[in-house]
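This report describes how one protein chain is packed, where its main pocket lies, and which residues have notable backbone geometry. The sequence and the structure are shown first.

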Amino acid sequence: MWKRGKHQALIQIEFVNKTSPQDWVFRKDTLQLVSNGVDPQTGKESLEYIPYVNMIKDATQMKVDTNKYIEYIHFRFTARGLQDVPSRGIILYLCSLQAEDAGGAAYVMPFSSRHCIVFRSNLGKYSTYAHEIGHTLGLYHTFHNEDDSGNIITIDDDIRQKITAWQDNITQKENEKNGYLGAKSEYFDSYPDQKAEVEKFFDNYKARYHQYIQEYPISMNRDKLKFDKGKTDNIMDYTSNRTFFTKRQWEIMQQETLEYYNEN
């Protein structure tokens, strides 16, 4: 079912069994270092790894914070220049980790994102594979977002709220950068190369938020059809019987495939 659906969206599925998983993604000792803000390569605390502190919520069961883990994968992909991903490829990680609040995880943005995850709890649920690949190829959930009181947030209001939050994040990162550099100004005056690295670290976050501000309205307005949560059999819903994509969803995935996953 889910594999045929992907073929209709111009996506071919191939499973690759690797006996030696990438160290930077899966090994327990590596993840524990990262969860302590330590660079696994140097064994020292690093500014770049601070965002992943407490990524592991339960070391015994290897239960992770979903958002921090996928952020970590995104960080590692960026650092490696996507060298592990074919020019037309998306990597779907089938991993033994657990998450408190999700069976899988994936980015809709940036549009060129190439990785998604299925956690241990959902390895036998093939609709989860299709669901997460759907996110990677530009699909959102079929249901409305809600506020803390359970009220539906319209798409236009959602876009405005997200853009405001990202604008605030840009300001926050600029303030954090200036505060960090100011507190160690004498040190960075002596080591300008390291100062440049710190500036790059914060500026990369700002660039991502700017990218989200540009891409989010586009992605949200591509398909405004929404339903109540759990009331459809759509693969992008939250229900136990997910069986189909709509024609519009196929078109969105086709568009993303041709634009971002085409070797030409």
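In this predicted model, the largest nonpolar core has 41 residues. The residues with the most contacts inside this core are Leu31, Tyr52, Tyr69, Tyr72, Leu97, Ile117 and Phe119. Four elements give two or more residues to the core, namely α3 (28-35), α4 (66-80), α6 (155-183) and α8 (192-221). Of these, α8 provides the largest share, with nine residues. A second core, separate from the first, has 12 residues, including Ala130, Ile133, Met236 and Tyr261. In soluble globular proteins, nonpolar side chains tend to be buried together.

One member of the second core, Ala130, can be described further. Alanine 130 is placed in helix α5. The residue counts as buried because its relative accessibility is 0%, where the cut-off is under 20%. Alanine 130 is 114 residues from phenylalanine 244 along the chain, yet their C-alpha atoms are separated by 9.7 Å.

**The largest pocket**

The largest pocket holds about 1,600 Å³ of space. Its lining is made up of 48 residues, and those that lie nearest the pocket centre are Asn67, Ala106, His135, His141 and Tyr238. The elements that give two or more residues to this lining are α4, β7 (104-106), α5 (126-136), β9 (145-146), α6 and α8. The largest share of the lining, six residues, comes from α8; the largest share of the largest nonpolar core likewise comes from α8. By class, the lining of the pocket comprises 21 nonpolar, 13 polar and 14 charged residues.

**Helices with a buried face**

Which residues of α3 are buried? They are Thr30, Leu31, Val34 and Ser35. Viewed down the axis of α3, these buried residues fall within an arc of 135°, so they line one face of the helix. Leu31 is also among the residues with the most contacts inside the largest core. Just after α3, glycine 37 adopts a positive phi of about 80°.

Helix α9 covers residues 247-260 and has 14 residues. From its first C-alpha to its last, α9 reaches 20 Å, close to the 20 Å expected at 1.5 Å a residue. Its buried residues are Gln249, Ile252, Met253, Glu256 and Thr257. Down the axis of α9, the buried residues fall within an arc of 135°, so they line one face of the helix. On the other side of α9, the residues Lys247, Leu258 and Glu259 are exposed. An α-helix has 3.6 residues a turn, so residues three or four places apart point the same way.

**Backbone geometry in loops**

A cis peptide bond joins methionine 109 and proline 110, with omega of about -5°. Proline 110 lies in the loop between β7 and β8 (115-118).

Two residues other than glycine, asparagine 54 and methionine 62, have a positive phi. They are set out below with their locations and relative accessible areas.

| Residue | Phi | Loop | Relative accessible area |
|---|---|---|---|
| Asparagine 54 | near 65° | between β2 and β3 (56-58) | 48% |
| Methionine 62 | near 50° | between β3 and β4 (63-64) | 10% |

Asparagine 54 is partly exposed, because its relative accessible area is 48%. Methionine 62 is buried, because its relative accessible area is 10%.

**Two strand residues**

Is glutamate 45 buried or exposed? Glutamate 45, found in strand β2 (residues 44-45), counts as exposed because its relative accessibility is 68%, where the cut-off is over 50%. Glutamate 45 and leucine 33 are 12 residues apart in sequence and 9.0 Å apart in space, C-alpha to C-alpha.

Glutamine 98 is placed in strand β6 (residues 98-99). With a relative accessible area of 17%, glutamine 98 is buried. The C-alpha atoms of glutamine 98 and arginine 120 are separated by 5.6 Å, and these residues are 22 residues apart along the chain.

Technical notes:
Residues are numbered from 1 along each chain as its sequence is written. This is a predicted model: local features need pLDDT of at least 70, side-chain atom pairs count only at pLDDT 80 or more; totals for chains, interfaces and linings use all residues. Side-chain values use heavy atoms; hydrogens and water are left out. A nonpolar core is a set of buried Ala, Val, Leu, Ile, Met, Phe, Trp, Tyr and Cys residues joined through side-chain atoms within 4.5 Å. Buried means under 20% relative accessible area, exposed over 50%, partly exposed in between (1.4 Å probe, protein chains only). On a 1 Å grid over the protein atoms alone, a cavity is a set of points where a 1.4 Å probe fits but cannot get out, and a pocket is an open set with protein on both sides within 12 Å along at least five of seven lines; lining residues have an atom within 4 Å of a point. Grid points are joined across faces, edges and corners, and a volume is the space filled by probe spheres set on the points. Ala, Val, Leu, Ile, Met, Phe, Trp, Tyr, Cys and Pro count as nonpolar, Asp, Glu, Lys and Arg as charged, and the others, Gly among them, as polar. The expected span of a helix is 1.5 Å times one less than its number of residues. The arc is that of the directions from the helix axis to the C-beta atoms.
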